[in-house]
Amino acid sequence: MVFRKPPDGGWGWVIVVVSFFTQFLCYGSPLAVGVLYLEWLDAFGEGKGKTAWVGSLANGIGLLASPVCSICVSSFGARPVAIFSGFMVAGGLMMSSFAPNIYFLYISYGIVVGLGCGLLYTATVTITCQYFDKRRGLALGLISTGSSVGLFIYAALQRELIDLYGLDGCLLIVGALSLNILACGSLMRPLESSDSPPPEKTCVDKVPDQYFVYHEKEKTVEENISILEKGYVDEKCVNNMPDFKQDSILNKNVLSSINVNEKDTYKKKVVEQTNFCKQLAKRKWQLYLNYWEETVVLFKNKVFSALFVAILLFDIGGFPPSLLMEDVARSANINEDDYHMPLISIIGIMTAVGKLTLGILADFKWVNTLYLYVTTLLMTGVALFAIPFAKSYLTLAMLSGILGFLTGNWSIFPYVTTKTVGIEKLTHAYGILMFFAGLGNSLGPPIVGWFYDWTQEYNTAFYFSGLCVLLGGFLLLLAALPCWNACTSQSSKLPPNTYSYKVASSA
């Protein structure tokens, strides 16, 4: 299906609003899982690394399944996927309230809720990119703030609900709130297709039409049989032959001809069905080959290859603070009376500010979005190195705000991906990149937790996290340097709809 030109407005603003609330409702609890993390540590008495798997799975499993999520959105559309995923998120949260052990939470909260969030994220980003082109950075920035506002509100909400109704009651109420995703998903009207005529079908695409030829042939055979019978009766009436022996001979001849026709029809049916199955299998195999060929072509783009390494290392090092910052403060023996606001809430509100600010900056022609993204990575690495030196609530709050703002680079990541591979390959490329992001999200918090279980302090863990993020930023910076474009411009050409960052430095 070929979509018409993005309207950059109209119903697109409704899509932005419902996508904002969709991400608010689905990501509020998983991103603010740090509040639940402390309760699960006390309830089940497991190690920090083992307990951290719950939150890391909830935030990582959906990204790990991004290729599958992309296929679902491409096959069924954003609206059906959003409605179905709403049931998954709500059901997973409610089931988590009955968890008897940490392993049950791995499935109910980690896998079910995480997969539902991944489907919803892919659906909201894809349909927003279809509705916007010139204002895509602003639109993506607005919808991505939904998860950040959700983090800010749900951090305080879940803490208050735990005090009032306990951990189980908190999860039931939060799950009930998530059912509002169904109303948001129902408003995700797909963009109308263009009026251009569809491309001519290939021979493989015409296989289903060939299969229906059998039914026409079968009908023709039955008509021939009735004609034979009718002709026999007419001939019998005209000649008025009372010879019963001759009548039986004619009957036998007609029946034998009918049996021969039925056998021929059955043979034709078997042959046609066999050919149909062969052609269908060949068609599906060709689709798989095309998918992997497109994947290989994507990785030949050095910027895309560096991008997947950078997003993997960034999520390994940059995600743990949003999950473990509350426990970092508790481990630093900070007095609870000094708490003016949960650190997770500070991360959430500053992430919203960062997403909106960076999204607006990405729309300016003089801003190179790739270099802007690299800058956020390098600054995140420096902030992670500073966490072990923070010994008071004020310094931790400042670092939380800085990390939250820089984590807002998620709003420009789809923008960078689109400009790197083109809008036609966005779903494919974004699914691959989100897979590696999910891998980083899943591994980051458990690794930091294991470092703590091993050393009984967080310093070594955050040194490791900062090193990972810095390494990813430097690799992406090297891949995007203009000198590489100069070296490869004579030997190869950029694929269609590919963004040249050498030219983009002034765009």
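# Notebook: helix contacts and buried spots

I began with S96, which is found in helix 5, residues 78-96. Helices here (H or I, at least four residues) and strands (E, at least two) are DSSP runs, numbered from the N terminus. This is a predicted model, in which local features need pLDDT of at least 70 and side-chain atom pairs count only at pLDDT 80 or more, while totals for chains, interfaces and linings use all residues. Residues are numbered from 1 along each chain as its sequence is written, and side-chain values use heavy atoms, with hydrogens and water left out.

**Entry 1: S96, continued.** I looked up the cover on S96 and found a relative accessible area of 3%, so S96 is buried. For my own reference, buried means under 20% relative accessible area, exposed over 50%, and partly exposed in between (1.4 Å probe, protein chains only). Leaving aside neighbours within four places in sequence, I found S96 in contact with L105, S108, Y109 and L171. Contact means heavy atoms within 4.5 Å.

**Entry 2: helix 6 and helix 7.** Y109 came up again here, as one of the helix 6 residues that meet helix 7, and L171 is among the helix 7 residues on the other side. I noted helix 6 as residues 102-131 and helix 7 as residues 136-177; their axes come within 11 Å and cross at roughly 155°. Axes are lines fitted to C-alpha atoms, for helices over the stretch in contact, and angles run from 0 to 180 degrees between N-to-C directions. The two helices are therefore roughly antiparallel to each other. The angle classes are: under 35 degrees roughly parallel, over 145 roughly antiparallel, 65 to 115 roughly perpendicular, and the rest oblique. I logged the crossing of helix 6 and helix 7 as right-handed. A crossing is left-handed if the near helix is turned anticlockwise from the far one by less than a right angle, and right-handed if clockwise. The full contact has Y109, T124, V125, T128 and C129 in helix 6 against R136, A139, L140, I143 and L171 in helix 7. Sorted by class, that contact has 7 nonpolar, 2 polar and 1 charged residues. In this sorting Ala, Val, Leu, Ile, Met, Phe, Trp, Tyr, Cys and Pro count as nonpolar, Asp, Glu, Lys and Arg as charged, and the others, Gly among them, as polar.

**Entry 3: helix 1 and helix 7.** Next I checked helix 1, residues 11-31, which packs with helix 7 at an angle of about 40°, with the axes 5 Å apart. That makes helix 1 oblique to helix 7. I noted a right-handed crossing for helix 1 and helix 7. By class, their contact has 17 nonpolar, 10 polar and no charged residues.

**Entry 4: helix 14 and helix 16.** For helix 14 (residues 343-362) and helix 16 (residues 393-407) I wrote down an angle of about 35° and axes 6 Å apart. This crossing is right-handed. Among the residues that meet are I346, M350, G354 and L358 in helix 14, with L396, S400, G401 and G404 included on the helix 16 side. The class count for this contact is 10 nonpolar, 7 polar and no charged residues.

**Entry 5: helix 17.** I found 8 of the 9 residues of helix 17 (residues 413-421) to be buried, so helix 17 is largely enclosed by the rest of the structure. The buried ones are F413, P414, Y415, V416, T417, T418, T420 and V421. Just after helix 17, G422 takes a positive phi of about 95°.

**Entry 6: M434.** F413 turned up again in the contacts of M434, together with L63, L64, S66, Y121 and W410, not counting residues up to four places away in sequence. M434 is found in helix 18, residues 426-455, and counts as buried at 1% relative accessibility. I also noted that the C-alpha atoms of M434 and L64 are separated by 6.5 Å, although the two are 370 residues apart along the chain.

**Entry 7: the loop after helix 18.** Is Q456 buried or exposed? Q456 lies in the loop between helix 18 and helix 19 (459-480), and is exposed, with a relative accessible area of 53%. Most residues other than glycine have a negative phi. Q456 has a positive phi of about 60° although it is not a glycine. Y458 is found in that loop too, but counts as buried at 7% relative accessibility. Its contacts, beyond four places in sequence, include K48, L324, D327 and Y452.

**Entry 8: whole protein.** I closed with the totals: 21 helices and 0 strands, and 48% of the 507 residues counted as buried.
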